[in-house]
Amino acid sequence: MHKCLLSGLQMPKMNPTLWDIATLISSNAVRHLFRLSTSSAELTARLESKCGHAVGWPLLPGYLCSDGKFRIAHILAVVASLAKPTPDRPALMYHEDAVSFFHEMRHVFHGFLSRTYFSLFHETSFAHDFVEAPSQMLENWCSKPKVVEKISRHYKTGEALSPELIEKIVQSRKVNIGLFFLRQLAFAWFDVKVHTHKDKQDTTTLWNDLQKRVSLVKSGKIIAGQGSFRHPTCGYDASYYTFIYGQIFAVNMYSTIKDDLLDPKRGDRDRKSILQPGGSREELDSLEEILGPDWEAFMEEGFE
């Protein structure tokens, strides 16, 4: 049995890739055990055809029954292409892999904790501008020294990383951050252009022009880089910009909890204000409930 310090979830591990998640909820001195969700995970790479990035796929949305006392379980899968273990060592993760894992697990927990009467509004059924924000918020955990210390060990000795190395990892998060956002902007601009331009256009020329003018990448030759940019045709049509826009919401949400990341009271507020309602109410109403008047954290947290 595993317990999440922040959310209070009890997580009985069923086998190496499947968890059945439950939580005890007290109400009017009556304790109900809600079966919240089942999640399967395939995290290592395969030679066969498989997407090469991390993703959370909802398979069956959950919802509350009309009496509010029983919940149809949410089922989802987490897929990634992390390095496999070898006979000589276990599977090891780069820091960026851990960030991706935290991102996808936030989607998982969103599915676990969302409680709506209609499956249409379950989990991340937000306006598209807000879909990634809760997961982007959790990525920030991987840039806090106490968290990095908890999730990292030498795979042979069990020794924790030194404070000096942890600090270097934390500071590396902001290396070339400006170029990162320019790259994201170039992707978003390309996505919007191909979905709104009414005349015939050469997408390869457009791609290379934006890479040069916006992201400041000079490849020296014309390449069809758009062929590996899958988001505009798999659900983020004309909305890739949400990865940038969502960061603003994410950092502001994070600013309300960063002083004590494992404080159950702050975690419970995040759970009730953001995760439980899902898309059943306006996203700005959820944000205003948790943020109050402070919307200025993005520049401070992201760039300073």
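# Exercises on a predicted structure

The side chains of R213 and D209 form a salt bridge, with a nitrogen-to-oxygen distance of 2.9 Å. The model in which this pair is found is a predicted one, and the exercises below work outward from the pair to other parts of the chain.

## Exercise 1. A salt bridge within one helix

Task: Determine how R213 and D209 are placed relative to each other along their helix, and decide whether each is buried, partly exposed or exposed.

Solution. Begin with the criterion, by which a side-chain nitrogen of Lys or Arg has to lie within 4 Å of a carboxyl oxygen of Asp or Glu; the N to O distance of 2.9 Å between R213 and D209 satisfies that condition. Next, take the positions: both residues belong to helix α6, and because they are four residues apart there, about one helical turn separates them. Finally, consider the accessibility classes, where partly exposed covers the range between under 20% for buried and over 50% for exposed. R213, with a relative accessibility of 49%, is therefore partly exposed, and D209, at 32%, is likewise partly exposed.

## Exercise 2. Salt bridges elsewhere in the chain

Task: State how many salt bridges a search of the whole structure finds, and describe the pair formed by D270 and R106.

Solution. The general principle is that side chains of opposite charge can pair when their charged atoms come close. The search of the whole structure returns five salt bridges. In one of them D270 is paired with R106, and the closest N and O atoms are 3.0 Å apart. This pair joins distant parts of the chain, since D270 sits in helix α8 (residues 264-275) and R106 in helix α1 (residues 95-113), with their positions 164 residues apart in sequence. Both D270 and R106 are buried.

A further pair consists of D263 and R266, whose side chains meet in a salt bridge at 3.3 Å, N to O. Here the two partners fall into separate classes: D263 has a relative accessible area of 18% and so is buried, whereas R266, at 26%, counts as partly exposed.

## Exercise 3. Packing of two helices

Task: Classify the packing of helix α5 and helix α7, and list the residues through which they meet.

Solution. Two packed helices are described by the angle between their axes and the distance between the axes. For helix α5 (residues 177-196) and helix α7 (residues 242-255) the angle is about 130 degrees, and the axes are 9 Å apart. An angle over 145 degrees would count as roughly antiparallel and one of 65 to 115 degrees as roughly perpendicular; α5 and α7 are therefore oblique to each other. On the α5 side the meeting residues are F181, Q184 and L185, and on the α7 side they are F243, I244 and Q247.

## Exercise 4. A loop residue

Task: Find where Q226 lies, decide whether Q226 is buried or exposed, and name its contacts beyond its neighbours within four places in sequence.

Solution. Q226 is located in the loop between α6 (203-213) and α7. Its relative accessible area is 16%, so Q226 is buried. Once the neighbours within four places in sequence are set aside, Q226 is in contact with F190, T203, T204 and W207.

## Exercise 5. Strand β6 and a nonpolar patch

Task: Identify the residues of the nonpolar surface patch, and describe the surroundings of P58.

Solution. The patch, of about 380 Å², is made by W57, L59, L60 and I75. Its largest share, three residues, comes from strand β6 (residues 55-60). L60 lies in this strand, and because its relative accessibility is 41%, L60 counts as partly exposed.

P58 is also placed in strand β6, and a relative accessibility of 47% is why P58 counts as partly exposed. Apart from neighbours within four places in sequence, P58 is in contact with H74, I75, L76 and E123. The C-alpha atoms of P58 and T124 are separated by 9.6 Å, although these residues are 66 residues apart along the chain.

## Exercise 6. The chain as a whole

Task: Summarise the secondary structure, the burial and the contacts of the chain.

Solution. The chain contains 10 helices and nine strands. Of its 304 residues, 42% count as buried. Among contacts with a separation of 6 or more, 63% are accounted for by residues 24 or more positions apart.

Technical notes
Residues numbered from 1 in each chain as written. Predicted model: local features only at pLDDT ≥ 70, side-chain atom pairs only at ≥ 80, totals over all residues. Heavy atoms only, no water. Patch = residues over 30% accessible without salt bridge, like charges linked within 9 Å, V, L, I, M, F, W, Y side chains within 5 Å. Areas by Shrake-Rupley, 256 points an atom, 1.4 Å probe, with all protein chains shown as cover. Buried < 20%, exposed > 50% of the residue type's maximum accessible area, 1.4 Å probe, protein only. Contact = heavy atoms within 4.5 Å. Axes fitted to C-alpha atoms, helices over the stretch in contact; angles between N-to-C directions. Parallel < 35°, antiparallel > 145°, perpendicular 65-115°, else oblique.
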